[in-house]
Amino acid sequence: MAERAWIKAAQNGSVDDLERLFRAHWPRAYRAALLVTNDAAASEDIAQEAFLAAVRNLDRFDRRRPFAPWLHRIVVNRAIDWTRARRLRAEVELGEHVASAPDVEPGDGTFARIGELSPEHRAVVVLRYVLEYTPGEIAKLLDLPRGTVNSRLRRGLDRLRELEA
Amino acid sequence: MTPEDRAWEVVRRAYLERSPRPRARPGNRLLPTAAALAVVAAVALAALSPPGRAVFERVGRAVGVEPAATELFSLPGGGRLLAVAHGGVWLVEADGAKRRLAYDDAEWSPHGLYVVATRGDELVAADPHGRVHWTLARPRPRWPRWEGTYVDTRIAYLSAGDLRVVAGDGTGDHLLAAHVLPVPPAWDPARLHTVAYAVAGAVVLRTADGRLVWRRRVRVVPHALEWSSDGRRLAVVGARRIEILDGAGRTLGVVAPPGAAGLDAAFRPGTHILAVAGRLGGQSEVRVGGRLVFAGPGVFGGIAWSPGGGWLLVTWPTANQWLFLHGARVHAVGNIAHQFAQTDARTPAQIDGRWSQ
């Protein structure tokens, strides 16, 4: 499998293979962060920080494990944290955030409305319907009971349908 | 540049700066230049038998190459040096005496009388004997840089992604620019209290009280900004490309060796001659004014000129050595990680040397 070979080569000092790994995973990591945060600059920072964490832990990474879930776990958790923090800051910095335009592309259908969900609901919807993890995998990624994942998915989708109606 | 490309530059830089894993000793290759002989002398002497070593040393001396010294017995160019390693900061005197300073990072004051240092969430001004003059609590201060006259100085530093400036006596700390790139600020030697810094896609020159002097777009994601000592040249140093600006911010030229990576650069004091270090294929090279002065396997860490411009220090983490280059002469010093008490001497981290008068 190419990914394992890239990780092994990157562990041995190959910048080219690290770049292959980065290019293969950046789009989905960035998009996941963007859909949770609805902020392009923050998403860039979050996805970049996740890759920096990968670099810091590269030598210890177990190549038998898939890379994507490990990366997405960092991305989504940090995106949730960032979104919660922004909500708190908005109480005192409302003007600044009102002035900033939403960054999710227009015409993105259902996902353009994901920003209306709570960060917790956004995260599970993105992981399920954008990154295509199963509810069991999402439960592991976010350290949540499987039932909580299912209920957040259900409520998230219900809310999206309400918004579309 | 797309977000993906920007992020890749940052990730790639972090990857190149991480501590290398222990590797097999590079093989001995006899290359046809004095610089190449220096490589072999520096790397392979320890592996030779005593007779072989003696022959090698004779050959080395004949072309101006010395065997690697086991300790830093003296600074070839005189002056004093701050060695900044992951394990802390060391002050090295001209006679080789070393003293550890309890800081994470440090830089000299303009005349070498004090150091400004960082320690956790603290900016510290102290004298080289360790007496603290003042401290300033700020979140994660990084890369303090000090400039000015004997009586009027400023310190620029980064804190939590912002560029801040404080007077040399610790007063008047203020925000100068928010959301700057993680690049050490660089004071303009030709304009008092005027500092260059990097933002996304551009380099900015601004006075310490906030007046914009110029802002220029650059096609480099810089990791360093290096002024010539007369302030008429500014090298915007990226990993693969160096853009040279003049004092007004106009682009004068670009240094972009095909296939090169991990570039570092510094102007020789008193000149516009640029020393450039970087990786090219499987080896690293140092060129001064375009002329190759040293090549070796692995990765070079950083370069620094002696105050008079006579010696060029090249740190070489792969070989656990510092190299002092003077024309064709190469003075290598080994066991750098041990001398500067790295936590794990088998994997020497990059050690930067900052030279003062």
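**Close-up views of the predicted complex of chains A and B**

**View 1. Pairing of β22 with β23 in chain B.** In this predicted model, Val286(B) has Phe294(B) of β23(B) as its bridge partner. Strand β22 (residues 283-288) and strand β23 (residues 291-297) of chain B run antiparallel and are joined by six bridges. The two strands form a hairpin with two residues between them, and Gly289(B) has a positive phi near 60°. Val286(B) belongs to the covered face of β22(B), together with Ser284(B) and Val288(B). The uncovered face of β22(B) holds Gln283(B), Glu285(B) and Arg287(B).

**View 2. Pairing of β21 with β22 in chain B.** Strand β21 (residues 274-280) of chain B is antiparallel to β22(B), with six bridges between them. Here Val276(B) has Arg287(B) of β22(B) as its bridge partner; Arg287(B) is on the uncovered face of β22(B). A hairpin with two residues between the strands connects β21(B) and β22(B). In its turn, Gly281(B) has a positive phi of about 65°.

**View 3. The open sheet β20-β21-β22-β23 of chain B.** The four strands of this sheet follow one another in the order β20-β21-β22-β23, with antiparallel pairing. β20 (260-267) and β23 of chain B are the edge strands; each has a single partner strand, so one side of each lacks a neighbour in the sheet. Neighbouring strands are turned against each other by 15° on average, direction ignored. Six bridges hold the antiparallel pair of β20(B) and β21(B). Within this pair, Asp264(B) has Ala277(B) of β21(B) as its bridge partner.

**View 4. The open sheet β4-β5-β6-β7 of chain B.** Another open sheet has four strands in the order β4-β5-β6-β7 of chain B, paired antiparallel. At its edges are β4 (105-108) and β7 (132-137) of chain B, each pairing on one side only. From one strand to the next, the twist averages 20°. β4(B) and strand β5 (residues 115-119) of chain B run antiparallel and share four bridges. Ala106(B) is placed opposite Ala117(B) of β5(B).

**View 5. Surroundings of Arg191 in chain B.** Arg191(B) is located in the loop between β12 and β13 (194-199) of chain B. Arg191(B) counts as partly exposed because it has 15 C-beta neighbours inside 10 Å, a count between the 12 or fewer of an exposed residue and the 20 or more of a buried one. Gly148(B) is 43 residues away from Arg191(B) along the chain, and their C-alpha atoms are separated by 9.5 Å.

**View 6. The bent helix α2 of chain A.** Helix α2 (residues 15-37) of chain A has a bend of about 40° at Trp26(A). A proline, Pro27(A), follows within four residues of the bend. After α2(A) comes Asn38(A), with a positive phi near 60°. The chain that holds this helix has eight helices and zero strands, in the pattern α-α-α-α-α-α-α-α along the sequence. Of the 165 residues in chain A, 33% are buried. Contacts between residues 24 or more positions apart are 65% of those in chain A with a separation of 6 or more.

**View 7. The interface of chains A and B.** At the interface, 11 residues of chain B contact 13 residues of chain A. The chain B side of this interface consists of seven nonpolar, no polar and four charged residues. For the complex, the predictor gives an ipTM of 0.78 and a pTM of 0.58.

**View 8. Chain B and its confidence.** Chain B has four helices and 28 strands, and 42% of its 357 residues are buried. Residues 24 or more positions apart make up 43% of the chain B contacts with a separation of 6 or more. The mean pLDDT of chain B is 80, and 81% of the residues score at least 70. Confidence in chain B is highest in strand β12 (residues 186-187), at a mean of 97, and lowest in helix α2 (residues 34-44), at 36. Over residues 20-65 of chain B the pLDDT stays under 50, and the model has 60 contacts beyond four places in sequence for this stretch. Residues 344-349 of chain B also have a pLDDT below 50, with 17 contacts beyond near neighbours in sequence. Where pLDDT is low, predicted coordinates should not be read in detail.

Terms used
Residues numbered from 1 in each chain as written. Chains lettered and ligands numbered in written order. Predicted model: local features only at pLDDT ≥ 70, side-chain atom pairs only at ≥ 80, totals over all residues. Contact = placed C-beta atoms within 7 Å. Nonpolar A, V, L, I, M, F, W, Y, C, P; charged D, E, K, R; others polar. pLDDT = per-residue confidence, 0-100. Bend = angle between axes of the 7 residues up to and from the residue. Pairing = 2+ DSSP bridges. Axes fitted to C-alpha atoms, helices over the stretch in contact; angles between N-to-C directions.
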